[in-house]
Amino acid sequence: MKIQFLGTAAAEGFPGSFCNCKYCENVRNLGEKFYRTRSQAIIDGKLLIDMPADTYYHFLKNNIRGDMIESVIFTHTHGDHFYYKELEMRGAGFGKNMAVEKLNVLIPANAVSKIEKLGDHTKDIMNVVIAELYKTVKFGDYEITPLKAKHGYGAIDAHIYLIKKGDKTFLYGHDTGYFFDEVFDYLKSNKVYLNGLTLDCCYASLPISDNGAHMGYPNVERVLKRLEENGNIDKNTKKVINHFSHNVNPLQNVLEEESKHLDCIVSYDGMILEI
Ligand SMILES: [Zn+2]
Ligand SMILES: [Zn+2]
Ligand SMILES: [Zn+2]
């Protein structure tokens, strides 16, 4: 599996759209190489994870052929993950001669009403499936299992996703706080071995409790420790931290220095991870 991290910031981006804090001001001066756009990833050029407003820019910047994308999975309906209106650009008159005729879409239940408001010409070329916790869906070569994210569940149906292709399994862990016990239990009882995973590290060095909706270094460390104890990861697992807020000054060198003890790869826009 080839996982490309197209965007690696939290909702506001880095620099933030409207922010004039010292960190955002500094990164504006440093230039585009240091920017982080809103979180999105793509696997093998076929399976897109989330659609922020930056989707169009991500496609251009990374030479992504939108017409070849087979499936889109949405983690939750926060604005930085669910700019679903872009899907209309696949519709009649907007997208022509597409390599993939019908797009698989996996969405949380609370997103269905929004998708249904898209025009018929868009809906007719989508295969929409509602994500149900722990129920595996097969889209092409990929088996995708929604796990419960600690990210306002109840108010919104937020998921993290287990993605399996052949003998390789990857966990996409955005957005979420410290994992629910039922998620650890599911991974343990199903003896899931993760070849790779990416974890929410929005707060980096800023404190956040295990009941919060995102994580920082100490929470990530505890998740990794428990996954290791449960046999889900080992020294060969490729571990990534991602989805950084401007509040933590997410310059690459700052994050790498601060997070050395985690033995994780610090994501950046455009980064490719092979597992
Ligand atoms: Zn987010
Ligand atoms: Zn800022
Ligand atoms: Zn969110």
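Visitor: Why is Thr8 called buried in this predicted model?
Guide: Thr8 has a relative accessible area of 0%, and buried means under 20%, so Thr8 is called buried.

Visitor: Where does Thr8 lie along the chain?
Guide: Thr8 belongs to the loop that comes between strand β1 (2-7) and helix α1 (22-30).

Visitor: What makes the pairing of the side chains of Thr8 and Arg36 a polar contact?
Guide: The side chains of Thr8 and Arg36 are joined at 2.9 Å, and a polar contact requires a pair of N or O atoms within 3.5 Å, so the value of 2.9 Å satisfies that cut-off. Leaving aside residues up to four places away in sequence, Thr8 also touches others, including Asn242, His243, Phe244 and Asp269.

Visitor: How do you know that β8 and β9 pair?
Guide: Strands pair if there are at least two bridges between them, and 6 bridges join β8 (residues 142-148) to β9 (residues 159-165), so these antiparallel strands count as paired. Within β9, Ile160 is the bridge partner of Leu147. Helix α5 (residues 181-189) packs on the sheet and touches both β8 and β9, with its direction at about 145° to that of β8.

Visitor: What is the order of the strands in the open sheet, and why do β7 and β13 stand at the edges?
Guide: The 7 strands follow the order β7-β8-β9-β10-β11-β12-β13, with mixed pairing. Strands β7 (137-139) and β13 (265-266) each have a single partner strand, so one side of each is left without a neighbour in the sheet.

Note on methods: Residues are numbered from 1 along each chain as its sequence is written. Chains are lettered from A and ligands numbered from 1 in the order in which they are written. This is a predicted model: local features need pLDDT of at least 70, side-chain atom pairs count only at pLDDT 80 or more; totals for chains, interfaces and linings use all residues. Side-chain values use heavy atoms; hydrogens and water are left out. Helices (H or I, at least four residues) and strands (E, at least two) are DSSP runs, numbered from the N terminus. Buried means under 20% relative accessible area, exposed over 50%, partly exposed in between (1.4 Å probe, protein chains only). A polar contact is a pair of N or O atoms within 3.5 Å; within protein, one must be able to donate a hydrogen and the other to accept it, and residues adjacent in sequence count only if both atoms are side-chain atoms. Contact means heavy atoms within 4.5 Å. Axes are lines fitted to C-alpha atoms, for helices over the stretch in contact, and angles run from 0 to 180 degrees between N-to-C directions.
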